[in-house]
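User: Please give me a close look at one chain of this model, with its local backbone features, its architecture and its contacts brought together in one account. I work with coordinates every day, so please state the cut-off behind each term.

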Amino acid sequence: MTSHPPPNAVANAVANAVEMKDIVIRFPGVLANDHVNLTLKHGEIHALLGENGAGKSTLMSALAGLYKPTSGTMRIHGELVDFNSPKDAIAKGIGMVYQHFMLVPTQTVTENILLGLNEPKFFMDLPKYDQKIRDLQEQFGLNVDPTAKIWQLSVGEQQRVEILKTLYRGASVLIMDEPTAVLAPQEIDDLMETMRSMTKQDKSIIFISHKLNEVTAVANRLTVLRKGVATAEGIDVTGMTSEKLAELMVGRKVVFRVEKKEQAPGDVVLDVKEVSAINNKGVRALNKLSLKVRQGEILGIAGVAGNGQSELAEIITGLRDCDGEILINGEDVSNQEPSVAIAQGVAHIPEDRTGVGSAPNMTIAENTIMKNYRDEPIGTKWSINFTEARDHARELKNAYDILAPNVRTMARKLSGGNLQKVILAREITTNPKLMVAMQPTRGLDVGAIESIQRLLLEQREEGTAILLISEELEELLTLSDRIAVLHEGEVMGILDAKDANMKEIGLMMTGEKHKA
Amino acid sequence: MNLPYTLIFEKRTEDYPKWLPAAVSIGSVIAAFIISGILLKIIGGEPLRVIKFFFTATFGSWAVFSDTMVKATPLILVGLACTVAFKMKLWNIGAEGQFYMGAFFASLVVLVPMVNLETTPKFLIIVLMMIMGMIGGAIWGFIPGILKAKYNVNEIIITLMLNYIALYWNNFWIFDKWSDAGFQMTPQFAKVAWLPRLSDLAREYRMFSGITLHLGVIIAIIAAIIIWWILERSRWGYEIKLIGDNPAAARYAGLNISKNIILVFMLSGALAGLAGMSEISGVVHRLQERISSGYGFTGIIIAWLAKLNPFTVILVSILFGALIVAGREIQPSGIAYLLQGIILFMVISSDVLLRYKIRLINLNPQEA
Amino acid sequence: MNIEIILHAGLATGTILLFAAIGEVFAERSGILNLGVEGMMLLGAMAGFSTSLATNNAWLGLLVAMLAGGILSLAHALVTINFQADQVVSGLSLTFLGTGLALVLGEGLTGQHPPTIPIVDIPLLSSIPFIGSVFFSEHSILVYVGYIFAPLTAFYINKTRPGMHLRAVGEKPSAADTLGISVYGVRYFYTFVGGLLAGLAGATISLSVSPGWYSTQTTSGQGWIAVGLVIFAQWNPMRAAFGGYLFGMLRRFILDLQGPALIFGMTNPLYVNSNYGFFLQMMPFILTIIALVWGSRAASRKRIGAPAALGVPYIRGERGL
């Protein structure tokens, strides 16, 4: 079944590539998809839009054979299908490119592509297959070294491996789950070129996104999901406006801009001087990087994921060692324990809310005292006053509008937005002088994004210096006073947010130095 | 084979009722007994007679109940030792070795002797033995602690290896240096180094005659209260829980994880060491081979079954104390191991009931 | 004290650790940590011994020993894979269960003498001086099987499709799942294989290396040493085999230290007072600790870690690995 023949173009010219009818997918307590229809025509790029949790991924997982729909029918090239496993879907020519790459980091590109197939049956003669994969790369213009291990590859290259994986299996229908989220603007252009070339070679593509400019650039038609229901089914992309799209996705008119007050920045709070650091793989991640953040100023950090952003946040907050100086209000905090940075008034909104920012099996109250459990009135010399802690948590719950049954609720039961509010509330109550916020709105719905962004701007007005690291250029342009662009651990240039434009930032993200 | 019914695992979306964890734990112990009974039947035993015997031999009279409590005493302490470590997800499988080292260090007080046994008051000797026992256990806990903290060495294997080393270490002293006339034991301790027993009061109160229950049980219960306070009310306990739940978050919150790994391991070791002291000072009154019948391992089961709650540890320890008392009489000796293994399996399997709802689904409703 | 004897005996005892450790490598490579090796070995040792006694056939004993270990391991598989229970605790309960079953069923086996696995010379090779007498003569057939077992395992894991799938499941089960590889199936299978090999290791003791049934003394902690060896070997079967042999030889060397009355012309304290032997008996365990510390440091320097999904239950659709 490895080289599933491409569907006979003549015989299937009339049939649609995919027809999903009245799809209902129900999980315990959740109706993920409610009678959704989706038709993918032959050779088209069909955009699927919706907020996080709208049911896009669930719908696509059903098409990829990962879940069985509760009811509804699916046809692939006119043939009625009933998938029991991903293998069935792959056999029918469905290929899914996951947002969180499904690649084995310790195996080579070729091994990853051959995983789960029947050919070769036993002995893995990799050099022979390396060549096969090079040929396939040639055909679609997707270059990546087949003998490289996945962990050695950039994010963009890993994505190419994901696409190659589906093409090698003879996929005729590709599902691409937010493929642009991790890419630089120029890489996005390349990806779109690849997508167009694939449709010319008899492939049909479902493109999941929430960015209108990308959708209009590459897709023919679009379907919008909101809370599991389709609010638009296969409508033409021409004539679509961002306002209309946002309304379809969110269900109400959305104010896109949060207001940022004009204010003059104060003294320098954070002064990073010629700092270098290595990442977890032992590779240099920061290279003699310098930057300053002032009171009441938001310095945005732009860059493609994996160019040193995480390490930058970690060296400032004491989670990673480095060479060079990091001054906070004149005190050097480099190579100190995190507690030193905390004592200097550094608050941290970590990239990984569940993995770093919270303790999943502890209550909201216990999570809100993580930074101040040593201080009166919550902490005494030896003990913790948990009544006090719960009162404190209740105040924060009300003030920050955290939706949860009560403050004894476990953190893992909270939605992403509410958990992020718990973290922000906790960090803000430490009255920080410097706030390091990494991807504070990633994966949240529009309402939560708005309130998180407002809170950050309020902090700015309070005079906190904010280092905002984000992969969303629009967010950076909206919130920042200045934007520094990172590439391979170096600052390519620092721009004033008022006169920065996406194109210029995009070029810097791929390694072009700013011409001052 | 097509069964008309199938079991469906559904993830719980809402909180489970408050009584469920307790019900599930009790249910799993009962299930373990039933399975063991069936096994016993298969290999030719008489399960019902054994169960009846179990109850009369362990709770049947004050004297046997006292025996049960005597066995429960070291179990409470090792159960607490495991509880403290597991709260921080430190796999201290070495309570057995820490128990032996605690016993060894405590006996140093008498065998060296560290103080003049004739003139020093009993109270001081007992306290000194307790402190020495805790030091011995803590040293044996310090080794895996520092190896994990500094070099990230897997503590499971290290603590296990240390169990064997402690055993041979003890053997050397009781076979060689302190052997009592060639026997594999030291001479009996002077009475001044014995923990007071209820039977000591037999002259005043006839009812206490022959009751071997000793002060160790009070020490164990006080230890449980202290450990509860540390875990549930103190700043350190909060830190232990935070590190246990998410070490990355703990580091982010400014905690020193290495220091805590070492300290918690030492506390855990100290509790197991105290159990060793209580056993030689309260029961055996000498250092010898086999002072522990696998207490260190039973402590793991107890901590797990008690869901890491220090007070529940006391109750569960009494149950296991009874098992040991009855097990001494039940042959073959492997049955006690077998039962412990089955109980632990049942307990960890039953946790699935807390995370999932299990429903019986009829696949062909039209035929039914 | 004869180097030839130490090496020869070390290969035999090392074979026990080799089988057990490679079995654990299989299980751990699939993401399942099975600490029950000691229990499975003990049960295997007992089952093999008693079967050989009952049937007068050591080979049948070997087969039953493997099945006993394998079947016991399925309890661990069920609890950790389907019920997502903690693998550490489940492994410990497996040790209890295996030990208990072996003791109960092994009542009265002590002192019996069933047939054992034949000891043979390899023709031609055995006549090579020194090498022949150390490696190729007067060994149990199981020792020769051990020689080829490790390289075969390494080839299987690194160069074949099932081996590739095994590695994928242990490193990134979600990736394997999306490509139609059954994560549960693979984990069940290799946990079972680990059990088979632990059973084999047990029978290697009771039917070959030191024939007999001595209740818990039969294995005397070698199962735990095998688990430690896997970390030392950084999940590599060839290194596991090497570690097994090294341990076997050191063990034998240490035991032999008690033999001579004089060492380098000085009185041997171990000879004078046999109680110093307790310190010798500690040595395998101390060596395991040293090996582990060394292995862990080397691993962190080279950034080699355990299989990424080791100890983590796989639940489809949940974020994580």
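Analyst: Helices (H or I, at least four residues) and strands (E, at least two) are DSSP runs, numbered from the N terminus. In this predicted model, local features need pLDDT of at least 70 and side-chain atom pairs count only at pLDDT 80 or more, whereas totals for chains, interfaces and linings use all residues. Residues are numbered from 1 along each chain as its sequence is written, and chains are lettered from A and ligands numbered from 1 in the order in which they are written.

The part chosen here is chain A, and a loop is a convenient place to begin. A:K227 sits in the loop between β9 (221-226) and β10 (229-236) of chain A, and although A:K227 is not a glycine, its phi is positive, at about 50°. A:K227 counts as partly exposed because 14 C-beta neighbours lie inside 10 Å; a residue is buried with 20 or more other C-beta atoms within 10 Å of its own, exposed with 12 or fewer, and partly exposed in between, the C-beta atoms being placed from the backbone. A second non-glycine residue with a positive phi of about 50° is A:N431, which belongs to the loop between α13 (416-428) and β17 of chain A. With 10 C-beta neighbours inside 10 Å, A:N431 is therefore classed as exposed. A backbone feature of another kind is the cis peptide bond between A:E119 and A:P120, with omega at about 0°; A:P120 lies in the loop that runs between α3 (109-114) and α4 (126-140) of chain A.

The hairpin formed by β1(A) and β2(A) adds a further positive phi, this time at a glycine: 2 residues separate the strands, and A:G29 in the turn has a phi of about 80°. Strands pair if DSSP finds at least two bridges between them, and here β1 (residues 18-27) and β2 (residues 30-40) of chain A are joined by 7 bridges in the antiparallel sense. Within that pairing, A:I23 stands opposite A:V36 in β2(A).

At the level of domains, whose bounds come from an automatic or database domain assignment, chain A is divided into domain 1 (18-102 + 171-250), domain 2 (258-345 + 432-516) and domain 3 (359-431). Taken over C-alpha atoms, the centres of domain 1 and domain 2 of chain A are separated by 34 Å. Across their boundary, 9 residues of domain 1 of chain A are in contact with 10 residues of domain 2 of chain A, contact requiring C-beta atoms, placed from the backbone, within 7 Å. The side of domain 1 that touches domain 2 of chain A comprises 5 nonpolar, 3 polar and 1 charged residues; Ala, Val, Leu, Ile, Met, Phe, Trp, Tyr, Cys and Pro count as nonpolar, Asp, Glu, Lys and Arg as charged, and the others, Gly among them, as polar.

Chain A also contains an open sheet of 6 strands with mixed pairing, in the order β16-β17-β18-β13-β19-β20. Its edges are β16 (346-349) and β20 (490-496) of chain A, each of which has a single partner strand, so that one side of each is left without a neighbour in the sheet. Direction ignored, neighbouring strands of this sheet are turned by 20° against each other on average. Inside the sheet, β13 (residues 298-302) and β18 (residues 465-469) of chain A run parallel and are joined by 4 bridges, with A:L299 placed opposite A:L467 in β18(A).

Two helices pack on this sheet. Helix α9 (residues 309-316) of chain A touches β13, β16, β17 (434-438), β18 and β19 (482-487) of chain A, and its direction makes about 150° with that of β17(A); axes are lines fitted to C-alpha atoms, for helices over the stretch in contact, and angles run from 0 to 180 degrees between N-to-C directions. Helix α14 (residues 446-462) of chain A touches β13, β17 and β18 of chain A, its direction making about 150° with that of β18(A).

Looking outward, 25 residues of chain A are in contact with 18 residues of chain B. On the chain B side, the elements giving two or more residues are β1 (5-11), α8 (235-245) and α9 (247-252) of chain B, and the largest share, 5 residues, comes from α8(B). The residues on that side of chain B divide into 6 nonpolar, 5 polar and 7 charged.
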